[in-house]
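This report describes the fold of one protein chain, its central sheet, its charged pairs and its cysteines.

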Amino acid sequence: MFAAVGWPASLRDLDLDAAGVTSGPRAIPVDDYQRTNVEHIFAAGDVDGRSKLVQSARTEGRVAGWNAVRGPSRRPGYDVVPTGSFTDPEYGSVGMTEEQAARGHDIAVGIARYDDLVRPVADGRSDGFCKLIADRRSHAILGAHVLGEYSAETVQVVATAMGAGMNVEQLAEMQFAFPTFTEAVSMAAQKVCRTIGIGRFPPAWSYLGSPD
């Protein structure tokens with residue numbers, strides 16, 4: 001079992017009171033433009049208590065720098081932020097979970113098993129899967145979760161598709177390099193399409209089990 005409860009920002013030595021900057025017990029509150037309560041002072045990264053991920057901190061830093069120089073016009077987005085847990089097995093995630101998506105969407109789910117793909121089997125790393133979640137009506141990709149080898153790398157393919165506004169059938173038609181772990185994304189997308197009843201995809205991507 002792995003548990004992470006977060007961490008407070010180290011604010012004690014910043015002398016924020018002297019600058020008139022308001023802070024909480026664990027973070028410095030900022031608005032949508034990364035501004036603190038003092039308009040010409042910006043905060044970005046873990047200190048603002050939002051995403052607390054390196055990838056988000058980099059984006060927030062660029063946004064804060066731009067807004068500080070050019071005026072408040074840019075806002076960081078958090079809808080598509082892929083994450084990975086570099087445990088064994090590795091885990092990658094982006095977007096909503098199945099439970100979260102089901103609260104506001106009529107969803108379809110496709111699961112591609114690593115043991116149905118050539119590369120994971122050939123590498124002896126066939127324990128794993130890729131789950132893709134999409135909206136039945138709009139065909140929008142809502143989230144993806146990958147467990148197994150190269151999960152954090154694989155899930156970024158879905159994040160890129162989500163960021164580009166691709167729908168699930170467009171992702172299903174992508175010609176991924178063979179043989180790769182990333183093929184699981186296309187396989188899961190094709191399974192979603194078959195569930196929804198769109199596109200022309202075979203019942204099974206491949207089958208590496210016994211004939212019977």
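## Charged pairs and overall fold

D88, R125 and E149 are joined to one another in a network of salt bridges. The coordinates are those of a predicted model, and the structure as a whole holds nine salt bridges.

Three further pairs are listed below with their N-to-O distances.

| Pair | Distance, N to O |
|---|---|
| D31 and R35 | 2.7 Å |
| K131 and E98 | 2.9 Å |
| R119 and D123 | 2.7 Å |

The K131 and E98 pair links distant parts of the chain: K131 lies in strand β4 and E98 in helix α3 (residues 98–104), 33 residues apart. K131 is buried, at a relative accessible area of 19%, whereas E98 is partly exposed, at 32%. In the pair of D31 and R35, D31 is partly exposed with a relative accessible area of 25%, and R35 is buried with 17%. R119 is partly exposed at 28% relative accessible area, and D123 also counts as partly exposed, at 38% relative accessibility.

### Composition and confidence

The protein has seven helices and five strands. In sequence order these elements follow the pattern α-α-β-β-α-β-α-β-β-α-α-α. Along the principal axes, the C-alpha atoms fill a box of roughly 75 × 35 × 30 Å. Of the 212 residues, 37% count as buried. Among contacts with a separation of 6 or more, 52% come from residues 24 or more positions apart.

The mean pLDDT of the protein is 91, and 93% of the residues reach 70 or more. Confidence is lowest in β1, at a mean of 91, and highest in β5, at 98. Where pLDDT is low, predicted coordinates should not be read in detail.

### The sheet

How are the five strands ordered in the sheet? The order is β1-β2-β5-β4-β3, the sheet is open, and the pairing is antiparallel. The edges are taken by β1 (83–85) and β3 (107–113); each has a single partner strand, so one side of each is left without a neighbour in the sheet. Direction ignored, neighbouring strands are turned by 15 degrees against each other on average. Helix α5 (residues 151–163) packs on this sheet and touches β1, β2 (91–95), β4 and β5. The direction of α5 makes about 175 degrees with that of β5.

Strands of a sheet pair through backbone hydrogen bonds, either parallel or antiparallel. On one side, β4 pairs with β3 in the antiparallel sense over seven bridges; here D135 of β4 is the bridge partner of I107. Strand β4 (residues 129–135) is also joined to β5 (residues 141–147) by six bridges, again antiparallel. Within that pairing, K131 stands opposite H145 in β5, and A134 has I141 of β5 as its bridge partner. K131 is thus a residue with two roles in this description, since the side chain that meets E98 in a salt bridge belongs to the residue placed opposite H145. Strands β4 and β5 form a hairpin with five residues between them. In the turn, H139 has a positive phi of about 65 degrees.

Is β4 enclosed or open to the outside? Six of the seven residues of β4 are buried, so the strand is largely enclosed by the rest of the structure.

### Cysteines

How many disulfides does a search of the whole structure find? The search finds zero. The sulfur of C130 has its closest cysteine sulfur in C193, at 13 Å, which is too far for a bond. The same distance holds from the other end, where C130 supplies the cysteine sulfur closest to that of C193. A disulfide would need the two sulfur atoms within 2.5 Å. Both residues are buried: C130 has a relative accessible area of 0%, and C193 is at 0% relative accessibility.

Conventions. Residues are numbered from 1 along each chain as its sequence is written. This is a predicted model: local features need pLDDT of at least 70, side-chain atom pairs count only at pLDDT 80 or more; totals for chains, interfaces and linings use all residues. Side-chain values use heavy atoms; hydrogens and water are left out. Buried means under 20% relative accessible area, exposed over 50%, partly exposed in between (1.4 Å probe, protein chains only). Two strands pair if DSSP finds at least two bridges between them. Helices (H or I, at least four residues) and strands (E, at least two) are DSSP runs, numbered from the N terminus. Axes are lines fitted to C-alpha atoms, for helices over the stretch in contact, and angles run from 0 to 180 degrees between N-to-C directions. Contact means heavy atoms within 4.5 Å. pLDDT is the predictor's confidence in each residue, from 0 to 100. A salt bridge is a side-chain nitrogen of Lys or Arg within 4 Å of a carboxyl oxygen of Asp or Glu.
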